[in-house]
Amino acid sequence: MSTSKDDLLVYIDGKYYPKDEAKISVFDHGFLYGDGVFEGIRAYNGVVFKLKEHIDRLYNSAHAIMLDIPLTKDEMIEAVLETLRKNNLRDAYIRLVVTRGIGDLGLDPRKCSKPSVVIIAVPMLSLYDEEKRKKGISMIVSWIRRDPVDATSHEIKSLNYLNSILAKIEANNVGADEALILDINGYICEATGENIFIVKDGKLYTPPRSSGALPGITASVIKKIAVKLGYKVIERNLTVAELYSADEAFLTGTGAEIMPIREVNKRRIGEGRIGPITEKILEEFMKIVRDPKEGIPIY
Ligand code: PXG
């Protein structure tokens with residue numbers, strides 16, 4: 001049986017705390033400056049899906065911001081698994097955060113002596129309702145552009161998500177489900193926390209890494225599934241007009257899994273519901289996430 005959300009145990013620097021006592025200092029630069037890195041991970045049926053890949057990405061993000069994680073990758077994997085065990089979880093959403101640690105009120109990270117590691121695991125939450133999975137979501141194109149690769153690039157999964165949050169606020173303000181974020185050149189980049197794929201004439205298209213999008217772990221799984229199913233996957237710059245005239249389009253991410261797009265800026269996409277190729281890929285994805293070979297078992 002899973003624990004209820006109220007008696008969750010949270011891992012902080014090697015110790016477990018009840019949810020209400022799980023606290024980080026206000027002098028932590030993760031709080032003061034968004035200085036840190038994170039991962040969002042999911043466990044399905046007792047297996048942490050692509051855990052190794054998420055840990056690799058976390059350490060790459062940390063390396064890019066010159067943050068030394070005080071655990072080896074193996075120790076980190078064990079800490080994630082132990083947090084799930086302590087909470088009796090088999091299907092879970094896991095948030096792994098490494099902050100710069102406690103410093104002074106200046107932003108210089110050299111003043112922070114020790115990074116903090118936080119692992120939160122909660123019973124699986126669905127970010128979108130299942131009806132949306134069939135009908136698709138509505139999107140707007142946000143006026144806020146993705147931080148370019150030579151700025152606070154989202155290739156690095158840092159704690160600074162204001163760029164995405166501003167886009168999400170725009171979507172919320174007009175009652176849209178999600179925001180599409182363009183790169184500095186006006187090409188499609190990604191959504192606030194999901195990558196995007198377009199289907200046209202039986203081929204899949206997705207923006208290149210140079211757009212500033214996060215190299216998504218779900219997206220890389222989708223690419224493999226698509227190829228296995230016989231669809232060509234092309235990475236290239238995509239315009240909003242191409243999205244408007246796509247046969248199908250969908251978002252991918254750990255939280256969203258695969259989410260069809262019904263409309264963008266009130267333009268219907270394809271049939272305005274989940275398309276046949278998206279449906280096939282979704283069906284295969286749901287098999288793969290439960291395959292023990294695709295992750296690390298908890299128990
Ligand atoms: N782009 C961005 C900017 C992300 O933050 C993705 C793409 C998809 O990547 P993965 O590796 O998950 O396929 C992300 C991931 C949330 C949430 O709570 C966000 C993500 C993951 C899990 C939960 O909104 N972002």
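This tour moves through the surroundings of the ligand in a predicted model. Residues are numbered from 1 along each chain as its sequence is written, and side-chain values use heavy atoms, without hydrogens and water. Local features need pLDDT of at least 70 and side-chain atom pairs pLDDT 80 or more, while totals for chains, interfaces and linings use all residues.

Select the ligand, then the 19 residues around it (a heavy atom within 4 Å). Tyr161, Glu190, Ile217, Thr218 and Thr254 come nearest.

Next, show the polar contacts (pairs of N or O atoms within 3.5 Å). Ligand oxygen atoms lie 2.8 Å from a side-chain N or O atom of Arg57 and 3.0 Å from one of Lys157. At Ile217, a polar backbone atom is 2.7 Å from a ligand oxygen. The protein covers 89% of the 540 Å² of accessible area that the ligand has on its own (Shrake-Rupley method, 1.4 Å probe).

Now colour by domain, with bounds from an automatic or database assignment. Domain 1 (5-123) and domain 2 (130-288) each contribute at least three residues to the shell.

Finally, display strand S5 (92-99), helix H6 (217-228) and strand S13 (248-253), each supplying at least two shell residues (DSSP runs: helices H or I, at least four residues; strands E, at least two).

Definitions and conventions:
Polar contact = N/O pair within 3.5 Å; in protein donor to acceptor, adjacent residues only side chain to side chain.
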